[in-house]
Structure formats: structure tokens, C-alpha cells
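Me: I would like a close look at a single part of this model. Please pick one strand, go through it slowly, and then work outwards to whatever surrounds it.

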Amino acid sequence: MIQRATSFWMFLAIAAGIGLFILKYEVKSMEGKLAKIHEKTLNNLEATHVLKAEWSYLNQPSQLEDFGRRLLNLQPVEASQTIPIETIPLRPIQKSSEGTHPPAADQVPPQFAKIRREQ
Amino acid sequence: MIGRHPLFHKKRRREPPVSSNMETGRSRLLIAGAIFSAAFIVVTGRLIGVTMFVEKSQPQYSRSSSKAILNISRANIVDRHGNLLATNLKTSSLYANPRIILDAREATKKLTSVLPSLDRHSIYQKLTQDRPFTWIKRHLTPRQKYEINMLGIPGLDFQTEERRVYLNAALASHILGHTDIDNKGLAGIERHMDTFLRKNKEPLELSIDIRIQHILRKELGSAISEFKGIGGAGIVMNVRSGEVIGIVSLPDFDPNIPANIEANTLFNRATLGVYEMGSTFKIFTTAMALDTDRISIRDRYDATHPIRISRFIIRDYHAQKRWLSIPEIFMYSSNIGSAKMALDVGIARQRAFLQKIGILHPSPVEISEIGLPLIPSRWREINAMTISYGHGLSISPMQLVSGVAAMVNGGVYHAPTFLKKSVKTNEKGRRVITKRTSHQVRRLLRLVVTSGTGRKAAAEGYIVGGKTGTAERVVGKKYKKKALISSFIGAFPMNAPQYAVFAMIEEPSGTKKTHGFATGGWVAAPVIGKVIKRIAPLLGIPAVDEKTAKIERQLAIDLIPKKKGKSRLASF
């Protein structure tokens, strides 16, 4: 009777020991993975940081202005080139015998034409 | 009684020495058992505590060693739209342990071949010292680091450091300032906000817009070179919040290379320099006069003769030699009329008024270079008269702009700031003049641009208003002839002003195009016009037809108001 109990406890202790051993190594390897991921993230963060700095450096207004003038032939906007939105007239309503109807398909910009087809 | 009971006697007599020993043994066992179980309970408790609860003092080895957070020792500085202005980048710095260096002569030779800027002699001395650490060169480029690694000299090593980088070079140099090699702020925002930048992780948001800053710097710079000025300053400010959108002082410097900064470029003309501002002060004098109950826009002053007071003579530059209405005094920039107006208001009230709009205090902006205004120690009649047209009192351009902003925005003073205000903070500001006076000042400023000295500041569609200022520079105790400070303070759109724009050019000389003139109207006003034309679309201000009846009605002013008031005779 005593022997049976002892062997049970011994078995339990060995099983716990093995379980703990496996768990420990699993945790260790997972921690290693985590550290690697963190390291990668950090590297990426650093790279993004440098890229952001570079982006700002390349986007200096003086440089953009120079590019715009030289390569795109752009100039600063003049007041005469702008009009207030209220002055743009609405599209005239086309009247026919049946009353108002929407413009024909070939008169509609493609993005709207698609919507209509779906209807 | 009990002791004498036969039963007890009997027991005592029966006690054998063996059983007494047993008793002692048993009690000792009990005590030992109790101690051991107490100890085990403590151990168990501690075990549970350590395994199940986290204590604060306990260092978290496993976590702190790998955490994906980018640590930079100084917060970034960004503009109002989030564009990076200053950040820290990692660099490598080279150091040596002279005790390990085997052949200092050979090492010196190799090092100077890769880094030619190093001095051979001083490097040799550094490498032969008897100490374990000495810097060789800090902040190397990746290529230099690679080449040094390829040399393979034992005793040399790298330390990863951070370096402050200003991505727009000189663009916002005076406001950002710069840092020393250990990233300690030496000037500008970097110095004023040093502890904030060290402690905070979040970027510091400035009120500056780099696009506006660039346009202002470029236009001011081309005006300075056109008129051969020695320097200048420019400011764009949101009159409704006090936020400074752009601020430039020229010449400026590249904060990336602190060693190469020339001392004279460090001087911030926009906030540290104090100048006699000249006629732009007439905005304050007129607003102050109109804000009293006694003086109205319909009053007139005698500007027929120059004023003689003690040994001074006050003359008009564009002399009309007759009685002038207040709009005329403003338009022709009459010193005589302004002086008389100031005396009418009174010395004490003038001083109190200037105090209210921040002229007598240093500007409260967030950089360390702020000039103290030069105020007369005794405010006498002659001081009141000269101050009325901007002489005898020196202030920084920043003070002038924030003062004028309060005159045109409906009469509320907002302290100027370089930090972005969040949309939610709805600061009320401080009322300094009535809404009505502010409306009158707007009309007067518009008049100067439509038909006065500031016509060159016009930007069709954006309803510009403003005032020119030309002052002779004080050198020592005398005015230096021909050394002018020409400025213009404008605001737009004048029917509901949103932004104030200021430009100042120091010691310009006239050109053929300006017929030899170098006054504010010829030199500084065109800068304002060009700047407004370019920044208004960026600031989202629509161009309008200036000739519509509604706008004309909002800004119309009679040069000689019809309803004739009493003529004023000044006291002398």
C-alpha cells in the first residue's frame, strides 16, 4: 500500500519535472523569438525614422519650388486664376416632353456611369 | 487547601524522574516543530508572493531587455502641419583607449589618411596619453565608420550617439535655434524649451508653417539683395489667435553646423533687435485717439507749420502745409498731426495704452532671444510727441506686429506665440480698443494701400491694408543719415482681417527703379504685396472682387468727412 503511494508520488514528481523542463525551454525559445521580433521592429522603427527625416529633407519648400519651376513649368497661383465656387453655374436641366430626365450614358463621366449601370 | 488533598499528594509522590524527562522532550519537540512550521509557512508565503504577485522594486529583466520603442533623447520639432523640422539621428563617434594602442605613430598615420580633417600632432598626443578613454572624432558618417573599421587598429572603438539634425537647414534657424555637440539647446526654441524637449517623447508642434516661412524668407531675401540692405526681418501672424505662422530674420545660419555659425547671423532681428519703428506707430496713436470719447474721425488738426519744441523741430515728410483731417494725417503720414493728436489724448493715457498692447514689455514668445524695449525714463511732452510717430521708443518687430494685430482684429490683444494652439483652446484675449475703433483703423489702413504711401503693397483680390514706416537708424546718440530702417505692416483681408504681415529692411539704398527712394513704401511694401499674393491661397483665403459694392461699403472712408466737426487748435 505504502509502496503504491510512493511510486505514485515519484511518478508525479518526475512528470512534473519533465513538464517543467519542456515548458522552460518552450518559454525560452518563445522569448528568443519575441526578442528577435522586437529587434526587427526596432530596426524598422529606426529605418522609418531616418526615412521620415529624409522625406522632410527632400521636401524642403525651396527644393520643391525649384523642381516645380524647372521641371513642371509651374508658377505661383494668381488671384485672377481662381473664382469663388458660388459663381460656377449649375448644369442646366434638360427639358423634354416627358419632363426632366438624366443625361444620356455617353454624356456622363465614367465614374458616374458605372454607378448607374449598377442600379 | 487543594494542595493538601490526598490525591495530589499521592500523584506527586508517584512522579518518577523518567516521565519528567519525557515531558521535557515532548515540549522541546513541540517548540521545535512550531518554529519549523512557522519557518515553512513564511517560506510558502514568500514563495506564493514571489511567484504570483509582482512587486514594484523587482527589476523586470526579461521585459526591459527587448522592448520595441524607439528611444531618442530629445523630442522632434514639427511645424503646424506635422512636417519634421528637427530630429535626432543616430551617429557613431570614434574613441580610443590609448592604453591598448600598440603603435601610436602607425595608428595616427592610418587615422589621418581616412579622416584628413584631423590634426596629426594632436591625435598622436591623444593616443600616447596614459588614460583609458579619449574622443577622436564625433558624429562620423557611415562611410567614415566603415573605413575606420577596415583599418583594423586595436584600441579604437565606436560609441553610438545622437545628433540633432535640422532638415530645412537655415529656413527656420532663428526660431528653432541650435544645440551643442551634446544636444543641449543653445538658442531659440531649443534653448527655451530645453527641459520640455528632453522629457517629452511627443513632438513639439510649432505654429510655424514651413511653406509660408519659405515664401516670406525668399521674398524678403530678394528685396534685401535688390536694395543692398544689411539685413531684415519678416513676420506673418494670425491676428485672431496670436499664432506666428512665419518669422524670418536675415541673414540667417545653418544650425546643422554650429561651429560654422558667424556671430552676426545669430542676431534675431525679429525678436531681439529693437528699433524705432517710425510711422507704423501712427496706427497706435490714431487708434488711441479715436478710442477716446473726445476725438472723432471728423476732427481736424493744423499741420501748416512744423512744431518747434525745445531744440527740436517736428516736420512732415510729405508736407501738405494746411489743416488735415484724421484720415489725411494717416494717409500723408503727418508727424505734426500725430504729435498734436497724442498731446490731445494726454501723456498718461498714451503710456497706459502702449502698456496695454504689449509695447512696453518684452514680447512673451517662447525663445530665449527677446529684446527689451527702450523706453524713455521720463515720459515728457516731447517724448509723447515723438513716440506718436514712432521715434524715441524702440521695440522689436514682434511687439509691433502683435500690437497692430490687436488694432485690426476687432480690438482684442492676443499674446504672440510660436507654439501651435489646439483648436479647442478658445482663448478670449484682452480687449484693448472698441470694435468701432478697430473698424475705423481698418478703413484707414485700407486707405493707405488704395491711395496713400503703401500702394505697392496691394495684392489684387486679397484686400490688403497697411502702413509704411521709415526711420533713421540711431548710431550712438545720433541719427545716422541715409541709414534707414524701412518697414511695412499690413493685414488682409481688410474687411475681416485674418493675418498680419510685416517686413523690415535695414539700411536699404534706393535703385533706379525706385527713383533713388529707399523708404518703406518703395522697399518694404512690395514685399508685403508679393508675400500675400503667394500665401493667401495656401492659407485658404479666397480672392474676391475688391470692387463689389459690399466690400467698398465696408472699407470706404471720406478723406475729409462731410459732417464737419469743430476744428481743433492744438495747445501751441
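Reply:
**Strand β7 of chain B and its surroundings**

In this predicted model, strand β7 (residues 244-250) of chain B has seven of its seven residues buried, so it is largely enclosed by the rest of the structure. A residue is called buried here if 20 or more other C-beta atoms lie within 10 Å of its own.

The partner of the strand comes next. Strand β6 (residues 231-238) of chain B pairs with β7(B) in the antiparallel sense, over six bridges. One residue to follow is I235(B), whose bridge partner in β7(B) is I247(B). The two strands form a hairpin with five residues between them, and G242(B) there takes a positive phi near 85°.

What else does I235(B) touch, leaving out residues up to four places away in sequence? Its contacts include V244(B), G246(B) and I247(B), and these three fall within the residue range of β7(B). The others are A270(B), P397(B), M398(B), V401(B) and F502(B).

I235(B) also belongs to the largest nonpolar core, which has 123 residues. It is among the residues that touch the most other members, along with M237(B), V401(B), V464(B), A500(B), I528(B) and I532(B). Helix α17 (residues 397-408) of chain B gives this core its largest share, eight residues. V401(B), a contact of I235(B), falls within the residue range of that helix. Another core lies apart from this one; it has 11 residues, including I101(B), I123(B), I136(B) and L156(B).

Two of the well-connected core residues, I528(B) and I532(B), lead to helix α20 (residues 525-538) of chain B. Of its 14 residues, 12 are buried, so this helix too is largely enclosed by the rest of the structure. The buried set runs from A525(B) to A536(B), and K530(B), K533(B) and R534(B) are among them. From first C-alpha to last, α20(B) reaches 21 Å, close to the 20 Å expected at 1.5 Å a residue. It has a kink of about 30° centred on I532(B). Just after the helix, G540(B) takes a positive phi of about 75°.

Helix α16 (residues 381-388) of chain B is mostly covered, with six of its eight residues buried. These are N383(B), A384(B), M385(B), T386(B), I387(B) and S388(B). They pack against three helices, α12 (282-291), α14 (335-345) and α15 (347-356), and against the strands β10 (307-309) and β11 (312-314), in chain B. After α16(B) comes G390(B), whose phi is positive, near 85°.

That leaves chain A. Of its 119 residues, 1% count as buried. Its secondary structure comes to three helices and two strands, in the order α-α-β-β-α along the sequence. Where does chain A meet chain B? In this contact, 23 residues of chain A touch 23 residues of chain B. On the side of chain A, the elements that give two or more residues are α1 (2-58) and α2 (61-71). The largest share, 15 residues, comes from α1(A). By type, the residues on this side are 12 nonpolar, seven polar and four charged.

Note on methods: Residues numbered from 1 in each chain as written. Chains lettered and ligands numbered in written order. Predicted model: local features only at pLDDT ≥ 70, side-chain atom pairs only at ≥ 80, totals over all residues. Core = buried A, V, L, I, M, F, W, Y, C linked by C-beta atoms within 7 Å. Helix = DSSP H or I, 4+ residues; strand = E, 2+ residues; numbered from the N terminus. Contact = placed C-beta atoms within 7 Å. Nonpolar A, V, L, I, M, F, W, Y, C, P; charged D, E, K, R; others polar. Pairing = 2+ DSSP bridges. Expected span 1.5 Å × (residues − 1). Bend = angle between axes of the 7 residues up to and from the residue.
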